[in-house]
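Good morning, and thank you for coming. I should like to take you through one model today, going from the protein as a whole to a few helices and then to individual residues.

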Amino acid sequence: MTAGRPPARPARAPESDPTADQATKDAMSNATTVSPAHSASTASTLITNIAALVTNNPSLGGGSPRSSKFESGGGSPLGLIQDAAVAIEGDRVVWTGDQSKAPATDNRVDAGGRAVIPGFVDSHSHLVFAGDRTQEFNARMSGRQYSAGGIRTTVAATRAASDEELEANLTRYLREALHQGTTTFETKSGYGLTVEDEARALRIAAAHTDEVTYLGAHIVSPDHADDPASYVALVTGEMLDACAPYARWIDVFCEKGAFDGDQARAILTAGKARGLHPRVHANQLSYGPGVQLAVELDAASADHCTHLTDDDVDALANSDTVATLLPGAEFSTRAEWPNARRLLDAGATVALSTDCNPGSSFTSSVPFCVALAVRDMGMTPDEAVWSATAGGAAALRRDDIGRLTPGARADLLVLDAPSHVHLAYRPGVPLVSEVWRRGVREV
């Protein structure tokens, strides 16, 4: 484990079943497997008749042995299996392979010749907020000047909302995302910007996900507009004390008009001292120090990565910091697209995420982001799907999600299509027909 890295959630392997018959054992020996532990309270399920199964196990399907990288020139770690099946025991995958070699299970589910992929891992979102910014978006898309407050508009609405209203909004967007295939999500504070409002945002978020990020350093609070240094002191002091118990991560918007490199370093270093691991909003609007700072501090991810120097690309490629790309933001602001091809060819690990927020990327659809990445950012369909699943898991430093291999959490999607490529091939079409999370079908 890299020093300073938060521990990944363990991928629990069920115990062996001493009563399994020999035929089942023989079948399971011919594929990647963890033997299920049958009990009266835990039934096993086999999903069969899968046209194409994305496992993200690079040892399958002729992919790269480097599970978090794509080889320049074409290797893919999707681990694609044709005519496949997946066995689930409790909340874990226990077997994947050719359906003709599938083990016996308590239940069988017919996928109907459709594709199955891991559940999407949305590693960057801002879901605890109130209000919307429809007028701002309409003006931007209509070519008109708009002088309202941007993030400050959302801050005012969020501060005015009750806990119940904020949680109702959050659960609404989570249901929306689940129906589009998101089975793991990260979300941030950042629309309260007071000690009380930041802490309550994280408290609400923590009731719904383990992947909670303290983003008191989203912008300088309007209350401290004339004294940014006092706000940095608050973010690294009293606000951090109130927020740290609810969060796993700390983030900062390192950008002109938000926080410069020195301020960002002070904020992230203070968070690390309290046990929070860094993430960075980096190089979205302009060239700047964000990516280099992220790599220096072993941040799990540098997010946006739109404006990169060669040194930035090299730093990402030679680090454990994931470049998280957020095409919904470029779509919604008509900004320059990040160059995913450049990052991938250099050997950087890339994740795709929605950046769902009310101002610059009000989408909860990972499939939409996959289609944008293929169309406008130079990614292949394989690369985009990997980045939205295993790439997102890497950005959260998790090895129990984003893949369908024995020991992984049984989070999977059944697509109303014979191949994962249809996510980009048929943009805008609701192809996610079933969502399984922790071994239970939820959609």
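**Overall composition**

Of the 443 residues in the protein, 58% are buried. Please keep in mind throughout that this is a predicted model. The secondary structure consists of 15 helices and 17 strands. The accessible surface amounts to about 17000 Å², and carbon and sulfur atoms contribute 49% of that area. As for the contacts, if we take those between residues at least 6 apart in sequence, 72% join residues at least 24 apart.

**Two helices and their buried faces**

Let me turn to helix α3, residues 151–160. Which of its residues are buried? They are Ile 151, Thr 154, Val 155 and Thr 158. Viewed down the axis of α3, these buried residues fall within an arc of 105°, and therefore they line one face of the helix. The spacing is what one would expect: an α-helix has 3.6 residues a turn, so residues three or four places apart point the same way. The partners of the buried residues of α3 are α4, residues 163–179, and α5, residues 195–206.

Helix α6, which spans residues 228–235, can be read in a similar manner. Its buried residues include Tyr 231, Val 232, Leu 234 and Val 235. Around the axis they cover an arc of only 160°, which puts them on the same side of α6. What lies over them? The cover of the buried residues of α6 includes α5, strand β9 (212–217), α7 (238–243) and α8 (261–273). Helix α5 thus appears in both accounts, as it packs against buried residues of α3 and is part of the cover of α6.

**A helix pair**

The next item is the packing of α13, residues 366–376, on α14, residues 381–395. At what angle do these two helices pack, and how far apart are their axes? The angle is about 140°, and the axes are 9 Å apart. The crossing of α13 and α14 is right-handed. On the α13 side, the contact is made by Val 366, Val 370, Ala 373 and Val 374; on the α14 side, by Pro 381, Ala 384, Val 385 and Ala 388. By character, the residues of this contact comprise eight nonpolar, no polar and no charged.

Helix α14 also holds Trp 386. This tryptophan has a relative accessible area of 2% and is therefore buried. Leu 352 is 34 residues away from Trp 386 along the chain, yet their C-alpha atoms are separated by 8.8 Å.

**Three buried positions**

I now come to single residues, starting with Leu 268 in helix α8. Its relative accessibility is 0%, so Leu 268 counts as buried. Leaving aside neighbours within four places in sequence, Leu 268 is in contact with Ile 250, Asp 251, Val 252, Pro 278, Arg 279, Val 280, Leu 293 and Leu 297. From Leu 268 to Arg 279, the C-alpha separation is 8.3 Å.

Arg 279 comes up again with Ala 302, as the C-alpha atoms of these two residues are separated by 6.2 Å. Ala 302 lies in strand β12 and is buried, at 0% relative accessible area. With neighbours within four places in sequence set aside, its contacts include Val 280, Ala 282, Val 291, Ala 294 and Leu 316. Val 280 is thus a contact of Ala 302 and also of Leu 268.

The third position is Arg 114 in strand β5, residues 107–118. Is this arginine buried or exposed? With a relative accessible area of 19%, Arg 114 is buried, the cut-off being under 20%. Beyond residues up to four places away in sequence, Arg 114 touches, among others, Asn 49, Ile 50, Asp 416, Ser 433 and Glu 434. Thr 48, which is 66 residues from Arg 114 in sequence, is 9.8 Å away, C-alpha to C-alpha.

**Two positive phi angles**

Finally, I turn to backbone geometry. Asp 298 is not a glycine, but has a positive phi of about 55°. It sits in the loop between α9 (290–296) and β12 (301–304). Arg 334, likewise not a glycine, has a positive phi of about 55°, and is found in the loop between α11 (327–333) and α12 (340–346). As to accessibility, Asp 298 is buried, at 13% relative accessible area, whereas Arg 334 is exposed, at 59%.

Thank you; I should be glad to take questions.

Key
Residues numbered from 1 in each chain as written. Predicted model: local features only at pLDDT ≥ 70, side-chain atom pairs only at ≥ 80, totals over all residues. Heavy atoms only, no water. Buried < 20%, exposed > 50% of the residue type's maximum accessible area, 1.4 Å probe, protein only. Helix = DSSP H or I, 4+ residues; strand = E, 2+ residues; numbered from the N terminus. Arc of directions from axis to C-beta. Contact = heavy atoms within 4.5 Å. Areas by Shrake-Rupley, 256 points an atom, 1.4 Å probe, with all protein chains shown as cover. Axes fitted to C-alpha atoms, helices over the stretch in contact; angles between N-to-C directions. Left-handed = near helix turned anticlockwise from the far one by under 90°. Nonpolar A, V, L, I, M, F, W, Y, C, P; charged D, E, K, R; others polar.
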